[in-house]
Amino acid sequence: MKKVYHESGVFHVSGEAVYIDDLSINNQLLICKIVHSTYAHATIKSFDLSKAKKIEGVHEILSYKDLPAKNITGPIVQDELILAEDEVSFIGQGIFIIAAESIEIAYEAERLIKIEYEPLEPIVTIEQAMEKGSKLNPTQTMECGDVEKAKKESQHIIEGEIKNGAQEQWYLETQISVAVPGEGDDMKVYSSTQHPSETQTLVAEALGIKKMDVEVETRRMGGAFGGKESQANIIAIYAALLSKKTKQPVKLRLSREEDQIMTGKRHPFISKFKIGFNNEGIINFYEVDMHTNAGASYDLTMPIVARALTHAENSYYIPNAKISATPWKTNIASNTAFRGFGGPQGMLVIESAIDKIAYYLKKDASEIRYKNFYGIDDRNITPYGEIVENNRLYSIWDKLIKSSEYKKRKVEIDKFNKENEFFKKGIAITPVKFGISFNTSFLNQAGALVNIYTDGTVLVNHGGTEMGQGLHTKIRQIAALELGIDIVNIKVNATTTAKIPNTSATAASSGTDMNGMAVKNAIDKLKKRIAQVIVDEFNKDKEQTLSKIENIIFNNDYIFDKINTERKISFAKALSIVYKSRISLSATGYYKTPNIYYNKDKQKGRPFHYYAFGMSVSEILLDTLTGYVKMLRTDILHDAGKSINTNIDIGQIEGGFVQGVGWCTIEECKWDAKGNLLNNSPGTYKIPGITDIPDDFRVNLLEDAPNPNTIRQSKAVGEPPFMLAFSVFFAIKDAIASIGNHQIEPNLNIPATNEHILLAIEELKKK
Amino acid sequence: MASNNSIVSFILDGKIVNIDFNNNNKYTPITTVLEYLRSLPKHKGVKEGCAEGDCGACTVAIAQINNYNQLTYKAFNSCMIFLPQLHGKQLITVENLGTSNVLHPVQKAMVTNDASQCGFCTSGVVMSLFALYKNINNPNKKEIDDALAGNLCRCTGYRPIIDAATQACAYDGIDKFTKNEAEIISLLKSINKFSTIAIENDTQKYYIPFTLYEALKLKEKHEDAIILNGGTDVALRVTKKHEFIAEIIDISEINELKQIKVNDNSIEIGAGISLEEIKITFENNFPQLSSLLSVFGSKQIRNKGTLGGNIGSASPIGDTIPILMAYDASVILVSTKNERKIPLRDFITAYHKTEMEKNELIKSVDIPKIDKDTIIKSYKISKRKTLDISTVSAGFRLNLDENLIIKDIKLFYGGMAATTKRAEKTESFLIGKKWERKTVEQAMPIIFEDFNPLSDARSSDEGRKIMARNLLLKFYLDTN
């Protein structure tokens, strides 16, 4: 198949792509502004909206007292107030919503609103939450083998601690929604959401109307990365509430600073571990206690914790494990989904533990990693009981170690480090094994609706959303391949709840896997119907060698009988016959991921349909005086199964890796004691720029690696590459360690900013 | 003043657009070009990613007539330009380059290299690439990085964008704009560039004088007016803090402030020269200033920001100040009555405060030529290498005698105090001693006594101190 570009590429580059902020709504459009809490924890003693309401151009200001239905929402657990009542619990929590004729008027109104707070002591950090016993939820624990027995049998036991910071999604398009009222209770909501069905549900609940009254449409998002999985909902709710009240269309778009202050981030973790191993470095047991800052409400914290638990062992076989995670409730904006979804946090700890083993045994960490990989036929059961099938760790390792010349470069780096006092190089290889499927089994379902028109063109609807990842492109390709027609005759429609109901979020990397299968299912139905009509057509006036439906092939814009290939009709012409035969050219499709189950009480089961694998080797150059890190070279070999679109998959790998590098290095969120996010704008929060990528960046897909039992034998590719960035983090650590001749393990956490690198060097030099 | 002097004129879509702010309820003089474009039905390709010049999603190109009577095309952040600042220029947006059916070479390369994913940063990237396309044929990696450092992309990891840049910029800048250049030049020349533009409505005043004298007269009359010289800082007050600015005197169009005067012992750099131009022009004379500017903001910001603006705002982390102090630069201030020269060291008196009188403007910055015995170095440490404000910056000046004895040393640090501050204790320890590693290592801990920096979003106080201390050693190493 020839190269297929992103279906929106030509619209992106010409500025023609329509995002929600670009929609032409009528001139009655009002602008919504949220008045949010400036205290992390306080009681609201009084407030006065009277002056603000008098401003010309202000149409409505709502407080919790003015809501038409319940004042509670949330994606899984409903524990978030739509608008704060007499107590605020984080900075950025909505208290009032203003609808005005312009954003300037709304700002003016906001300035005239008086709120009298009585400040209370906030809980900001995990440590403070622990001290106060502020658990969001009881500790979740997963166990396998017998850790206590293993402790007695291990030749060596070491312990350690590792922290990771929060990470702001920093999608280029901030959260946005436009609500347009219709007749009766009808509400059309345009939302930049990864989860239109949930947005629909929560808007309906907040407005006290039915789901059938609410249509949520998402054509495309300007990036999401998990940040719009649950936290787009409140934005849509606010716009819809004001729209219902004013009976006018209302737009709510967060400013960048509002978005950074009000919405959640990747969960920060503090994890303590104990690990037992033998002289060879083979792990006997692993005990880890993860603690995470959930923020002010549940949001998606529990499934994120579930993924941290199920990824705590990464690619390594651990016979005896006790893996625990505790979410702590604090007074910061509720942390939420971000590419990897707890996986990176869980995997960071075992990678750090392995690194520590290497320092302890004075071996290269790559050796310890390799020795502990899951086996092919044995040593292949995860702590939650799933067997690691189709293990590709070894084939990736063998190829990447060679192609990256890891061993040779390691020697050269040692030489460089001996010859240079202030510039140090470091190198590391790290693996990724990532489980594909939502941890919550019932979410693994998807729907599609395929309409074929009589001119031979096809409009595909499915429940997945396009956030840049190329889902619609792949769906288009899948439809074209399955129908055997040219891609130009296929369009993927904007995602809307009116076409596909009850969908799951486009998340967990599962978009193409599930929606692709659902689309195929619909197309299979249509092909069957079409084939039946065409067989009848072929067999007209024939008595012998009749065409059979199972021999009908759809290919190259034609439909033909593979036995009697002269029996051939163009796709477009066939459709007109099918239509005149009064056969429906519209079909729904459905898919549920097979053979997955999980028992949350026992923390056992088979949560994942399959695993995606990848590995990365990174070499960095560190200026030990300034803490600057230069990424010299990164080699990645990643398993995308039989790729549907190699350029899109490579794009996901490169983009995910660079995002991961941002998290590991320069992206830092700090809160002050009062719960203010200090890095609340791009002036102080730095995502990678064009000079923050490896000078030499070699990304390849694992070849000849079809994945059984998935759409066109492909693999999900959205999240797994994020964690390939660990190779950069451990390369930095390696470079720092060379200052002390690799005798002392540097104390380095994520993010390794130049400040933290310098502090780690200071500490190391003092030892 | 004549009534038509409230009209701002510029070219968009090949035609002159006239906006009379005195008879207009749609736009104010502090409406940004981004807001203006997005209010039009056919220019929604330009995106707001941050509204503070830090992401580049709103990048547009602006063409102006240069000294050779040709058009030069530069990239700007449209979120940081007020509408009147377009006066006399051609505004070019992504829609002007091509359509989805007929793509410009840079657009086409972006598609075929898979350089867009979510697409929200893309039109900005395309416009930065367009400016690169028009200015540099077959750019190298450094030039590509430089052109795109101001455009953040969260999806792609940049590799395909770099490939697109490499592939697209290979046609000597020739494109559809080349054909129309003569026509655009003549249209631009028809726009008033002589009599002061005075926008005076009930609530706001915005002046664009074209001569220094006019500007000074205005400043005398409106002594509380905000001076806008480039405007990357002033724009933030509107877009980020939502301040209402009542009076602005925009001195960006004054030719007298864009002059470079080479004196016998010094070079006088006009306060209105863009930082990008300074970076290019002074690579030889003041290499350390030039090298600092290469990591100052982004190209979009340097195209707009001026030296006068950077100094005038007197920020404690103003990137250029430590190095200018190390160069022993002076500020030349003018009023209608007087012209005076103050050493930069004395000019900034406190956090965001200067010696400037209300009737004065910064005319230029005077930098003495460097004798061969003086060593000058600049350093900047920031979280991200480009498009970041410094955590710690430094400008160092050293004079040694023939026996390597330190005759004089001045260590200016930014980010370590409320204003740029010298490490005076460290300096006095070093003077008279030999410039060798042992001495420097003895001096390093003294830095800790010189400063008591803040902990903030960028770094802890401890981190800052280590950075400041290490830079001294780095300076030593760089002199050997």
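**Exercise 1. Locate Pro751(A) and describe the peptide bond that leads to it.**

Step 1. In this predicted model, Pro751(A) sits in the loop that connects helix 18 (726-739) with helix 19 of chain A.

Step 2. Now take the bond itself. From Ile750(A) to Pro751(A) the peptide bond is cis, and its omega is near 5 degrees.

**Exercise 2. Asp299(A) and Asn138(B) each have a positive phi. State where each residue lies, and decide whether it is buried or exposed.**

Step 1. Asp299(A) is not a glycine, yet its phi is positive, near 45 degrees. Its place is the loop between strand 14 and helix 9 (301-310) of chain A.

Step 2. A residue is buried if 20 or more other C-beta atoms lie within 10 Å of its own. Asp299(A) has 28 such neighbours inside 10 Å, so it counts as buried.

Step 3. For Asn138(B), phi is also positive in a residue other than glycine, near 45 degrees. This residue belongs to the loop between helix 4 (122-135) and helix 5 (141-148) of chain B.

Step 4. The limit for an exposed residue is 12 or fewer neighbours. Asn138(B) has 10 C-beta neighbours inside 10 Å and therefore counts as exposed.

**Exercise 3. Work out the strand order of the five-stranded open sheet in chain A, and explain why strands 7 and 8 each have a side without a neighbour.**

Step 1. Write down the order: 7-15-14-13-8, with mixed pairing.

Step 2. Look at the two ends. Strand 7 (140-144) and strand 8 (156-164) of chain A are the edge strands; each has a single partner strand, so one of its sides has no neighbour in the sheet.

Step 3. Consider the angle between neighbours. On average, adjacent strands of this sheet are turned by 10 degrees against each other, direction ignored.

Step 4. Examine one pairing. Strand 7 and strand 15 (residues 320-329) of chain A run antiparallel and are joined by five bridges. As one position to find, Thr141(A) has Ser324(A) in strand 15 as its bridge partner.

Step 5. Add the helix. Helix 10 (residues 343-361) of chain A lies across strand 8, strand 13 (269-277) and strand 14 (283-295), and runs at about 135 degrees to strand 8.

**Exercise 4. Describe the surroundings of Asp461(B).**

Step 1. Asp461(B) is part of helix 20 (residues 461-478) of chain B.

Step 2. Buried needs 20 or more neighbours and exposed 12 or fewer. Asp461(B) has 14 other C-beta atoms within 10 Å, so it is partly exposed.

Step 3. When neighbours within four places in sequence are set aside, Asp461(B) is in contact with Pro453(B), Leu454(B) and Ser455(B).

Step 4. Lys407(B) is 54 residues away along the chain, and its C-alpha atom is separated from that of Asp461(B) by 31 Å.

**Exercise 5. List the domains of chain B and give the distance between the centres of domains 2 and 3.**

Step 1. The domain assignment gives domain 1 (3-94 + 180-250), domain 2 (105-174) and domain 3 (371-480).

Step 2. Taken over C-alpha atoms, the centres of domain 2 and domain 3 of chain B are 37 Å apart.

**Exercise 6. Characterise the side of chain A that touches chain B.**

Step 1. The contact involves 62 residues of chain A and 63 residues of chain B.

Step 2. Helix 1 (9-14), helix 8 (256-262), helix 17 (646-664) and helix 19 (754-766) of chain A are the elements that give two or more residues to this side. Helix 17 supplies the largest share, eight residues.

Step 3. Sorted by class, this side of chain A has 26 nonpolar, 25 polar and eleven charged residues.

Technical notes:
Residues are numbered from 1 along each chain as its sequence is written. Chains are lettered from A and ligands numbered from 1 in the order in which they are written. This is a predicted model: local features need pLDDT of at least 70, side-chain atom pairs count only at pLDDT 80 or more; totals for chains, interfaces and linings use all residues. Two strands pair if DSSP finds at least two bridges between them. Helices (H or I, at least four residues) and strands (E, at least two) are DSSP runs, numbered from the N terminus. Axes are lines fitted to C-alpha atoms, for helices over the stretch in contact, and angles run from 0 to 180 degrees between N-to-C directions. Two residues are in contact if their C-beta atoms, placed from the backbone, lie within 7 Å. Ala, Val, Leu, Ile, Met, Phe, Trp, Tyr, Cys and Pro count as nonpolar, Asp, Glu, Lys and Arg as charged, and the others, Gly among them, as polar. Domain bounds come from an automatic or database domain assignment.
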